[in-house]
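Colleague: I am new to this structure and would like a close look at a single part of it, with some of the surroundings added so that I can find my way. Could you take me through it slowly, in one connected account?

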Amino acid sequence: MSFKNFLFSFTFVKQVLIAIFIVCATLFLFMYWIGFTTNHGQEIVVPNLSKLTLEQAEDKLDELDLDYELLDTVDYNAAYPKLSIVQQDPNPGEKVKQNRVIYLKINSTGYSKVRIPDLIQKTYRQAVPTLAALGLEVGDTTYVPNLAKDMILEMKMNGKSIKAGQQVLKMTKVDLVLGDGKIGFEEEELNGSENDSINND
């Protein structure tokens with residue numbers, strides 16, 4: 001039998017078809033195995049864990065075959081219960097695969113302490129961002145006669161004077177005593193002269 005006749009023979013065609021079938025079957029089984037081992041097409045919606053305790057979050061994630069890892073404790077946020085979950089990654093609603101790790105951050109048990117900055121003879125405009133950067137708030141502002149307008153002359157907390165360097169809790173309100181800028185040079189000199197006259201008498 002010539003080679004040409006062999007190529008068109010029933011035996012050769014049969015062998016080719018069997019080979020094609022084996023290749024296709026192998027590819028199909030391989031793709032099925034890949035899909036099975038990677039849970040192809042099976043996605044889990046990440047639940048909202050906000051304000052849950054770690055125990056509650058763990059139970060919820062176990063039901064969905066998800067895992068978690070605690071990353072850190074963040075500064076206390078009064079909008080969340082103590083030691084409850086404040087942040088999570090991935091975010092709620094995102095779709096993930098089975099056994100995906102959800103990274104969590106929890107609320108601390110209370111405000112941390114910071115030191116009062118030195119604001120004396122600083123302006124009110126300078127004081128506001130300085131306090132905010134430390135997690136402190138501006139409380140009441142009162143004005144007293146002084147040459148320098150809006151210059152900070154004293155810092156108070158709960159009616160008592162406080163000094164730079166004192167430790168207070170974050171979110172503490174610092175009351176400021178400011179100059180009203182209504183005393184002019186002439187008035188100040190006049191007041192000084194009157195005081196000198198009284199002392200001389």
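Modeller: What follows begins with the whole protein, turns to a charged patch on its surface, and then visits several loops. Please keep in mind throughout that this is a predicted model.

The protein has 201 residues, of which 23% count as buried, and its secondary structure comes to 5 helices and 11 strands. The accessible surface is about 14300 Å², and carbon and sulfur atoms account for 55% of that area. If one takes the contacts between residues at least 6 apart in sequence, 71% of them join residues at least 24 apart.

The part to look at closely is a negative surface patch, which is formed by E55, E58, D59, D62, E63, D65, D67 and E69. Two elements, helix 3 (54–63) and strand 2, each supply at least two residues of this patch, and helix 3 gives the most, with 5 residues. One of the patch residues is E55, which lies in helix 3. E55 counts as exposed because its relative accessibility is 55%, and the cut-off for that word is over 50%.

From strand 2 (67–74) the chain can be followed into the loop that lies between this strand and strand 3 (85–89), and L83 is found in that loop. L83 has a relative accessible area of 44%, so it is described as partly exposed. When its neighbours within four places in sequence are left aside, L83 is in contact with L52, T53, I106, N107, S108 and T109. One of these partners, S108, is 25 residues away from L83 along the chain, yet the C-alpha atoms of the two are separated by 5.5 Å.

The next loop, between strand 3 and strand 4 (95–96), is the place of P90, and the backbone deserves attention here, since the peptide bond from D89 to P90 is cis, with omega near 5°. As general background, most peptide bonds are trans, and most residues other than glycine have a negative phi.

The second half of that background helps with two further residues. N99, which lies in the loop between strand 4 and strand 5 (101–107), is not a glycine and nevertheless has a positive phi of about 70°. N99 is also exposed, because its relative accessible area is 55%. Further along, Q121 lies in the loop between strand 6 (113–115) and helix 4 (124–133), and its phi is near 70°, again a positive value in a residue other than glycine. With a relative accessible area of 58%, Q121 is therefore classed as exposed.

A last loop, between strand 10 (167–169) and strand 11 (173–179), holds T172. T172 counts as buried because its relative accessibility is 15%, and the cut-off for buried is under 20%. Not counting residues up to four places away in sequence, T172 touches L136, E137 and M157.

To return to the part that was singled out, the negative patch has E55 among its members, and helix 3 is the element that gives the most to the patch.

Definitions and conventions: Residues numbered from 1 in each chain as written. Predicted model: local features only at pLDDT ≥ 70, side-chain atom pairs only at ≥ 80, totals over all residues. Heavy atoms only, no water. Helix = DSSP H or I, 4+ residues; strand = E, 2+ residues; numbered from the N terminus. Buried < 20%, exposed > 50% of the residue type's maximum accessible area, 1.4 Å probe, protein only. Contact = heavy atoms within 4.5 Å. Patch = residues over 30% accessible without salt bridge, like charges linked within 9 Å, V, L, I, M, F, W, Y side chains within 5 Å. Areas by Shrake-Rupley, 256 points an atom, 1.4 Å probe, with all protein chains shown as cover. Salt bridge = Lys/Arg side-chain N within 4 Å of Asp/Glu carboxyl O. Lys, Arg positive; Asp, Glu negative; His and termini not counted. Charge placed at Lys NZ, Arg CZ, Asp CG, Glu CD.
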